[in-house]
Amino acid sequence: MPIYEYRCEACGAQKEHLQKMSDDPIAQCPACGSNQYSKQLSAAGFQLKGNGWYVTDFKNGSGPACGGGGCGNGGSA
């Protein structure tokens with residue numbers, strides 16, 4: 001479940017809430033009870049881990065190890 005960040009325009013309170021994507025937005029500020037509580041846009045906090053290849057995998061100039069026909073862009077046949 002994603003974590004959403006909310007901010008109250010009335011009192012300035014900020015809080016994160018764990019909600020389902022299908023849940024309605026929280027309308028009332030838990031701190032002051034105002035109806036000026038709204039969802040904020042924030043950066044996603046995730047990291048790609050595990051097996052796979054990333055931009056940094058081929059920084060040394062060598063391309064991917066592909067058999068015979070190349071790997072697409074820049075591959076040699």
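## Chat about a three-stranded sheet

Biologist: Let's start with leucine 18. Which strand is that residue found in?

Modeller: Leucine 18 sits in strand E2. Keep in mind that this is a predicted model.

Biologist: Sure. Is leucine 18 buried or exposed?

Modeller: Exposed: leucine 18 has a relative accessible area of 56%. The cut-off for calling a residue exposed is over 50%, so leucine 18 qualifies.

Biologist: Which residues make the nonpolar surface patch with Leu18?

Modeller: Met1 and Ile3 join Leu18 there, and the patch comes to about 370 Å². Ile3 also belongs to the uncovered face of strand E1, together with Glu5 and Arg7.

Biologist: And what's on the covered face of E1?

Modeller: Tyr4, Tyr6 and Cys8. That strand covers residues 3–8.

Biologist: Let me zoom out. How many helices and strands are there in the chain?

Modeller: Zero helices and three strands. Reading from the N terminus, you get β-β-β.

Biologist: In what order do the strands sit in the sheet?

Modeller: E2-E1-E3, as an open sheet with antiparallel pairing. E2 and E3 are at the edges with a single partner strand each, so each has one side without a neighbour in the sheet. On average, neighbouring strands are turned by 35° against each other, ignoring direction.

Biologist: How many bridges join E1 to E2?

Modeller: Five, and the two strands run antiparallel; E2 is residues 14–18. One of the partnerships puts glutamate 5 opposite glutamate 16 in E2.

Biologist: What about the turn of that hairpin; which glycine there has a positive phi?

Modeller: Glycine 12, with a phi of about 85°. Five residues lie between E1 and E2 in the hairpin.

Biologist: OK, other side. How many bridges does E1 make with E3?

Modeller: Three, again in the antiparallel sense, with E3 being residues 37–39. Arginine 7 has serine 38 as its bridge partner in E3.

Biologist: What comes up for salt bridges if you search the whole structure?

Modeller: One turns up. The side chains of arginine 7 and glutamate 9 meet in it, at 3.5 Å from N to O.

Biologist: Why would two side chains like that pair up at all?

Modeller: As a general point, side chains of opposite charge can pair when their charged atoms come close.

Biologist: How accessible are glutamate 9 and arginine 7?

Modeller: Glutamate 9 is partly exposed at 49% relative accessibility. Arginine 7 is also partly exposed, at 27%. Exposed would take over 50%, so glutamate 9 doesn't get that label.

Biologist: Switching again: where is glutamine 40 placed?

Modeller: In the segment after E3. Glutamine 40 has a relative accessible area of 28%, so it counts as partly exposed.

Biologist: What does glutamine 40 contact, leaving aside neighbours within four places in sequence?

Modeller: Glu5, Tyr6 and Arg7. As for tyrosine 4, its C-alpha is 7.5 Å from that of glutamine 40, although the two are 36 residues apart in sequence.

Biologist: For the whole chain, what share of contacts between residues at least 6 apart joins residues at least 24 apart?

Modeller: That share is 27%.

Biologist: And what percentage of the 77 residues is buried?

Modeller: 10%. The chain exposes about 6,400 Å², and carbon and sulfur atoms supply 50% of that area.

Conventions. Residues numbered from 1 in each chain as written. Predicted model: local features only at pLDDT ≥ 70, side-chain atom pairs only at ≥ 80, totals over all residues. Heavy atoms only, no water. Helix = DSSP H or I, 4+ residues; strand = E, 2+ residues; numbered from the N terminus. Buried < 20%, exposed > 50% of the residue type's maximum accessible area, 1.4 Å probe, protein only. Contact = heavy atoms within 4.5 Å. Areas by Shrake-Rupley, 256 points an atom, 1.4 Å probe, with all protein chains shown as cover. Pairing = 2+ DSSP bridges. Patch = residues over 30% accessible without salt bridge, like charges linked within 9 Å, V, L, I, M, F, W, Y side chains within 5 Å. Salt bridge = Lys/Arg side-chain N within 4 Å of Asp/Glu carboxyl O. Axes fitted to C-alpha atoms, helices over the stretch in contact; angles between N-to-C directions.
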